[in-house]
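Student: Hi! Could you walk me through this structure?
Tutor: Happy to, let's have it on screen.

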Amino acid sequence: MRRRTRVGKSWGDGVITQLVLEDTAIRRGGRLLFEGVSLELRAGQACALTGPNGSGKTSLLRAVAGFVRLEAGAIRFGAVEAEEARGGGLHIVGHADGLKPARTAAEELAFWTGWCGGTEASARAAAETLELQTLLPLEVRRLSAGQRRRLAMARLLAAPRALWLLDEPLSPLDARWREAFGGLMRRHLDGGGLILAAVHDPLPIPTVGLDLPA
Amino acid sequence: MSRLLALLGRETALAWGRGGGPLVAVGFYAGVTTFLPLAIGSEPARLAAIAPGAAWVALALASLLSLERLFERDYEDGALDQLFLSPVPLELTCLVKCLGQWLANGAPLALAAPVAAISLGAKPELGPLAFACALLGGLAFAFVGGIGAALSLGARRGGLLTAVIVLPLFVPPVIFGGGALDAFAGGLPWTGGFALLGAYALGAIAVGPIAMAAACRNALS
């Protein structure tokens, strides 16, 4: 039996209201990155995942997204089954953003919005919020790192999904956009969303901390 | 459904632009067909005898060219991650990617196939069958080739590895298609070879996406 709970506004399929890591361990290339890592995140909470380079922050995010297999432990999404959660309940935004350099920003935004289950109107609204309108006719290769990150982030807004997995979300952004993205994250949490973000600098929102050992 | 159509459009557009796209494949095809008379000798009788088969083998090689990039780019730039995080099963995504590859590369090559066969000295009546065989064979090449491309994800010199994995799997369609063309040129019944080629293509479409999705999952982890 699958149960669905609705929180605040209407999300996409598979509404995640909870993220639980139970004693997780990840091994990459024969090396144990970490073990015994646990976390419980509820709707409206954000977690700042910290740790030195190579401690496994990105691997943990990718494990939650279902790409990396756990060595031990379990990942649960509350009442939502893992397959459903990963098939439309979460977003991951990182360095590899899936944007094609030769396509225009408008083409990429339209495709990814549609693929993630958003509409034309939601894509337009997201572009407006992230001030992408003037960039849309440009090829992705012409965008700066910060602009490109904003284009990737437009997915988060254009196709609402409850759980955001963010890998160094702020690093390419300038001071104004760090501030602005803080506001967007706050809005997401207020609407019942969850955020797990790998960061080096503190996020401009209240967070639960999770520090991976070296 | 609209998602898959959008993906098909995107994949076709990307395959069209990928490394020169169909122009390179067709150019390579034209190159190999021009080379043959230089190496074998230009007596029309000798050339006409091998024309259908030679055109067919050159087609198989030309369709290898763009395979390397079928999954590699998406794997490197994170698009495969995003394609994975969707209610659409990865198998279906792989199927659409291969269809895009076929539309952008297989179809232009199929258009060039009768030209190549006839320019080597095959009878003009062979043209339609050469086109049909190339179209059907291209489907088999795209779906079998996709397996090789997905299996070699993450390997250095993945393109070379793809060719080594895929070439043995190209043997049956090359035999069936070449057999059909040869039989037609010799005035023998050709439908058997053509039907087997179709069966192989359908088998590749049925099994290929499952294998590709498994290989992609493995590469992502």
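Tutor: One term before we start: helices here are DSSP runs of at least four residues, numbered from the N terminus. Also, keep in mind that this is a predicted model.

Student: Thanks! Which helices of chain B each supply at least two residues of the nonpolar patch?
Tutor: Those are helix H2 (22–40) and helix H3 (44–62) of chain B. The patch sits on the surface and is formed by Val24(B), Phe28(B), Val57(B), Leu61(B), Leu65(B) and Leu167(B).

Student: How much accessible area do they have together?
Tutor: About 440 Å² for the patch. One of its members, Leu61(B), lies in helix H3 of chain B.

Student: OK, on to the interface. How many residues of chain B are in contact with chain A?
Tutor: On the chain B side there are 24, and they touch 27 residues of chain A.

Student: And what area is buried between the two chains?
Tutor: The size of an interface is often given as the accessible area lost when the parts come together. Here the buried area is about 2200 Å², with carbon and sulfur atoms giving 56% of it. In chain B, the residues losing the most area to chain A are Arg10(B), Gln82(B) and Leu85(B), which together make up 35% of what that side buries.

Student: What about polar stuff, how many residue pairs are in polar contact across the interface?
Tutor: The rule finds 14 such pairs between chain B and chain A, counting pairs with both residues at pLDDT 80 or more. Four elements of chain B each give two or more residues to the side touching chain A: helix H1 (2–17), helix H4 (69–77), helix H5 (79–84) and helix H9 (191–220). The largest share, six residues, comes from H1(B). By type, that side of chain B divides into eleven nonpolar, six polar and seven charged residues.

Student: How many salt bridges are there between the chains?
Tutor: Four between chain B and chain A. In one salt bridge, Lys100(A) pairs with Asp77(B), and their closest N and O atoms are 2.7 Å apart.

Student: And over all chains, what does the search find?
Tutor: The whole structure has 17 salt bridges. Glu22(A) and Arg76(A) form a salt bridge through their side chains, at 2.6 Å from N to O. Glu22(A) is in strand E1 and Arg76(A) in strand E4 (residues 72–76) of chain A, so this pair ties together parts 54 residues apart in sequence.

Student: Last topic, backbone angles. What is phi of Asp23(A)?
Tutor: Phi is near 45° there, a positive value in a residue other than glycine. Asp23(A) belongs to strand E1 (residues 18–28) of chain A. Glu168(A), also not a glycine, has a positive phi of about 50°.

Student: Where is Glu168(A) placed?
Tutor: In chain A, Glu168(A) is in the loop between strand E6 (163–167) and helix H6 (175–190).

Note on methods. Residues are numbered from 1 along each chain as its sequence is written. Chains are lettered from A and ligands numbered from 1 in the order in which they are written. This is a predicted model: local features need pLDDT of at least 70, side-chain atom pairs count only at pLDDT 80 or more; totals for chains, interfaces and linings use all residues. Side-chain values use heavy atoms; hydrogens and water are left out. Contact means heavy atoms within 4.5 Å. Buried area is the accessible area (1.4 Å probe) that two parts lose on being put together, summed over both. A polar contact is a pair of N or O atoms within 3.5 Å; within protein, one must be able to donate a hydrogen and the other to accept it, and residues adjacent in sequence count only if both atoms are side-chain atoms. Ala, Val, Leu, Ile, Met, Phe, Trp, Tyr, Cys and Pro count as nonpolar, Asp, Glu, Lys and Arg as charged, and the others, Gly among them, as polar. Patches are made of residues with over 30% relative accessible area and no salt bridge: like charges are joined within 9 Å, nonpolar side chains (Val, Leu, Ile, Met, Phe, Trp, Tyr) within 5 Å. Accessible areas come from the Shrake-Rupley method with a 1.4 Å probe; for residues, only the protein chains shown count as cover.
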